[in-house]
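This report describes the fold, the sheet, the nonpolar cores, the surface and the salt bridges of one protein chain. The model shown here is predicted.

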Amino acid sequence: MSFETEFERGLSEMASRQKSTVVIPLLVTAIDEIKMVLDGMDSEGVDYFDVRIQATQGEQSGNIAIPAEGSYVLISNIGKDENVYFVVATSALLKSIVKVGDTTIKVDSGGVIIAKGEVELKAVLEELVDAIKLLTVSTSQGPSGPPLNAAQFDLIKTRINMVLK
């Protein structure tokens with residue numbers, strides 16, 4: 001067999017194995033945050049079920065954008081499988097999760113959670129403010145009383161609670 005014939009056969013075989021990537025806009029009709037899938041409907045009324053919110057299955061890691069129900073997403077097929085889709089873009093988010101190792105950042109309309117393992121930043125900041133409010137300093141006449149600006153620390157704690165969950 002000549003080189004040209006072998007080359008042409010190889011290209012033809014490679015092309016037959018390739019499936020085209022399909023990108024479909026969907027209206028999100030349901031979200032399952034436990035299974036990390038959504039259901040949606042395309043512009044022609046075709047329903048799609050169990051579309052992966054992230055391309056990989058199993059442990060949640062990386063950047064996970066969970067779309068809001070009623071929003072629009074773009075989905076694409078995974079590899080050669082024309083029946084397995086994942087979300088590639090979102091128009092509106094319900095929440096976003098970034099997980100790197102045991103560090104997690106979760107953002108939704110209620111605020112932000114930043115954690116390293118089981119330790120959350122909000123709890124550490126609240127403990128810090130509470131400790132500052134109890135601060136006493138030794139003086140020549142005995143320990144001092146609570147800080148005069150304790151109310152300011154309460155305001156700081158309120159502001160922390162506005163941002164962090």
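## Overall composition

The chain has three helices and twelve strands. Of its 165 residues, 22% are buried, and the accessible surface comes to about 11,200 Å², with 58% of that area belonging to carbon and sulfur atoms. Among contacts in the chain with a separation of 6 or more, 48% are made by residues 24 or more positions apart.

## The five-stranded sheet

An open sheet of five strands runs in the order β4-β7-β8-β9-β10, and its pairing is antiparallel. Its edge strands are β4 (62-67) and β10 (119-120), each of which pairs on one side only. Strands of a sheet pair through backbone hydrogen bonds, in either a parallel or an antiparallel sense.

Strands β4 and β7 are joined in the antiparallel sense over six bridges. In this part of the sheet, Ile66 stands opposite Lys95 in β7, and Lys95 appears again below as a partner in a salt bridge.

## Nonpolar cores

The largest nonpolar core has 15 residues, of which Leu26, Tyr48, Val51 and Ile75 touch the most other members. At least two residues of this core are supplied by each of β1 (23-32), β3 (47-52), β4, β5 (72-78) and β6 (81-90), and the largest share, three residues, comes from β1. Apart from this core lies another, made of five residues, among them Val112, Val129, Phe153 and Leu164.

Val51 illustrates how the larger core is connected across the sequence. Leaving aside neighbours within four places in sequence, Val51 is in contact with Leu26, Met36, Val37, Leu38, Ile75, Tyr85, Phe86 and Val87. In soluble globular proteins, nonpolar side chains tend to be buried together.

## A nonpolar patch on the surface

Nonpolar side chains are also found on the surface, where Val98, Val100, Ile105, Val107, Ile114, Val119, Leu121 and Val124 make a patch of about 580 Å². Strands β7 (93-100) and β8 (103-108), together with helix α2 (121-133), each supply at least two residues of the patch. One of the members is Val98, which lies in strand β7 and is partly exposed, with a relative accessible area of 32%.

## Salt bridges

The structure holds five salt bridges, of which three are described here. Side chains of opposite charge can pair when their charged atoms come close. Glu33 forms a salt bridge with Lys95, with the closest N and O atoms 2.9 Å apart. Because Glu33 lies in the loop between β1 and β2 (37-41) and Lys95 in strand β7, this pair ties together parts that are 62 residues apart in sequence. Both partners are partly exposed, Glu33 at 33% relative accessibility and Lys95 at 23%.

A salt bridge also joins the side chains of Asp108 and Lys165, at 2.7 Å from N to O. This pair links distant parts of the chain, with Asp108 in strand β8 and Lys165 in the segment after α3 (150-163), 57 residues apart. Asp108 is partly exposed, with a relative accessible area of 24%, and Lys165 is likewise partly exposed, at 35%. The side chains of Asp154 and Lys133 meet in a further salt bridge, at 2.4 Å from N to O. Since Asp154 lies in helix α3 and Lys133 in helix α2, the pair ties together parts that are 21 residues apart in sequence. Here, too, the partners count as partly exposed, Asp154 at 35% relative accessibility and Lys133 at 23%.

Key
Residues numbered from 1 in each chain as written. Predicted model: local features only at pLDDT ≥ 70, side-chain atom pairs only at ≥ 80, totals over all residues. Heavy atoms only, no water. Patch = residues over 30% accessible without salt bridge, like charges linked within 9 Å, V, L, I, M, F, W, Y side chains within 5 Å. Areas by Shrake-Rupley, 256 points an atom, 1.4 Å probe, with all protein chains shown as cover. Salt bridge = Lys/Arg side-chain N within 4 Å of Asp/Glu carboxyl O. Helix = DSSP H or I, 4+ residues; strand = E, 2+ residues; numbered from the N terminus. Buried < 20%, exposed > 50% of the residue type's maximum accessible area, 1.4 Å probe, protein only. Pairing = 2+ DSSP bridges. Core = buried A, V, L, I, M, F, W, Y, C linked by side-chain atoms within 4.5 Å. Contact = heavy atoms within 4.5 Å.
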